[in-house]
Amino acid sequence: MAGAGGRADGGARVNAPLIVAGFLAILGAAIHGVGGEVLVVRKLSPEMLPSSRFGGPQATKTMIHVTWHMTTIAFLTVGSTLLLAGTVLDGDTAQGIGLVAAAASTGFAALAVGLGGAYRHFPRSLLRHPAPVVLTLTAALAWWGAL
């Protein structure tokens, strides 16, 4: 007899939408980390950045650099969590972790779509950078798999 959502042999049931969502999030993390480092962060000129109450322009560049890679780690964490929920976890545990990851993915997508639309011409801005589409697809797949 199979456990809650599991297989008769006791193994976790594979959840394709969670696996695909996890793969997209991890791929996004890799592209965000490497691409952002090379194409964005390294090109920031401290001379062009403002000072803040935390320090001069170099401190501003450091804060941008750290924040950039914290976001990369967040994408990697959510992607790994989605993969775990879709492969090795089972039942209520898989669903609960999948729901948390789906909520985080939704937050990422909402920021990309909302702020991207607010600062650029909507909806053309959604197609100029892949993040809004990929993050929204990741969130939709995560919800589909978690529910």
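This note sets out numbered points on a predicted model.

1. Overall architecture. The protein contains 5 helices and 0 strands, and the order of its elements from the N terminus is α-α-α-α-α. Of the 147 residues in the protein, 31% are buried. Among contacts with a separation of 6 or more, 67% are between residues 24 or more positions apart.

2. Surface. The protein exposes about 8,900 Å². Carbon and sulfur atoms supply 72% of that exposed area.

3. Helix H2. Helix H2 covers residues 57-87. Its 31 residues should span 45 Å at 1.5 Å a residue, and the end C-alpha atoms of H2 are 45 Å apart, so the expected and computed spans agree. The buried residues of H2 are Thr-60, Lys-61, Thr-72, Phe-75, Val-78, Gly-79, Leu-82, Ala-85 and Gly-86. The cover over these buried residues includes H1, H3 and H5.

4. The aromatic pair. A search of the whole structure finds 1 aromatic pair. The pair consists of Phe-75 and Phe-108 in an edge-to-face arrangement, with 4.9 Å from centre to centre and 80 degrees between the planes. Phe-75 belongs to helix H2 (residues 57-87) and Phe-108 to helix H3 (residues 91-119), so the pair ties together parts that are 33 residues apart in sequence. The accessibility of the two rings' residues should be read individually. Phe-75 has a relative accessible area of 12% and is therefore buried, the cut-off for buried being under 20%. Phe-108, at 21% relative accessibility, counts as partly exposed.

5. The surroundings of His-32. His-32 is located in helix H1, which comprises residues 16-39. With a relative accessibility of 18%, His-32 counts as buried. Apart from neighbours within four places in sequence, the contacts of His-32 are Glu-37, Trp-68, Thr-71, Thr-72 and Phe-75. Two of these partners, Thr-72 and Phe-75, also appear among the buried residues of H2. Phe-75 is also a member of the aromatic pair with Phe-108, and Glu-37 is taken up in the next point.

6. The salt bridge. The count of salt bridges comes to 1. The side chains of Arg-42 and Glu-37 form this bridge, with an N to O distance of 3.4 Å. Are its two residues buried or exposed? Arg-42 is exposed, with a relative accessible area of 59%, whereas Glu-37 counts as buried at 15% relative accessibility. Glu-37 is also one of the residues in contact with His-32.

7. A nonpolar patch. Val-34, Val-38, Leu-39 and Val-40 make a nonpolar surface patch of about 350 Å². Leu-39, one of these residues, has its place in helix H1. Leu-39 is exposed, with a relative accessible area of 59%. Helix H1 therefore holds both the exposed Leu-39 and the buried His-32.

8. Helix H5. Helix H5 is formed by residues 131-146 and has 16 residues. From its first C-alpha to its last, H5 reaches 22 Å, close to the 22 Å expected at 1.5 Å a residue. The buried residues of H5 are Pro-132, Leu-135, Thr-138, Ala-139, Leu-141, Ala-142, Gly-145 and Ala-146. H5 is also included in what covers the buried residues of H2.

Key: Residues are numbered from 1 along each chain as its sequence is written. This is a predicted model: local features need pLDDT of at least 70, side-chain atom pairs count only at pLDDT 80 or more; totals for chains, interfaces and linings use all residues. Side-chain values use heavy atoms; hydrogens and water are left out. Helices (H or I, at least four residues) and strands (E, at least two) are DSSP runs, numbered from the N terminus. Buried means under 20% relative accessible area, exposed over 50%, partly exposed in between (1.4 Å probe, protein chains only). Contact means heavy atoms within 4.5 Å. A salt bridge is a side-chain nitrogen of Lys or Arg within 4 Å of a carboxyl oxygen of Asp or Glu. Rings of Phe, Tyr and Trp (its six-membered ring) pair if their centres lie within 6.5 Å; planes under 30 degrees apart count as stacked, over 60 as edge-to-face and the rest as tilted. The expected span of a helix is 1.5 Å times one less than its number of residues. Patches are made of residues with over 30% relative accessible area and no salt bridge: like charges are joined within 9 Å, nonpolar side chains (Val, Leu, Ile, Met, Phe, Trp, Tyr) within 5 Å. Accessible areas come from the Shrake-Rupley method with a 1.4 Å probe; for residues, only the protein chains shown count as cover.
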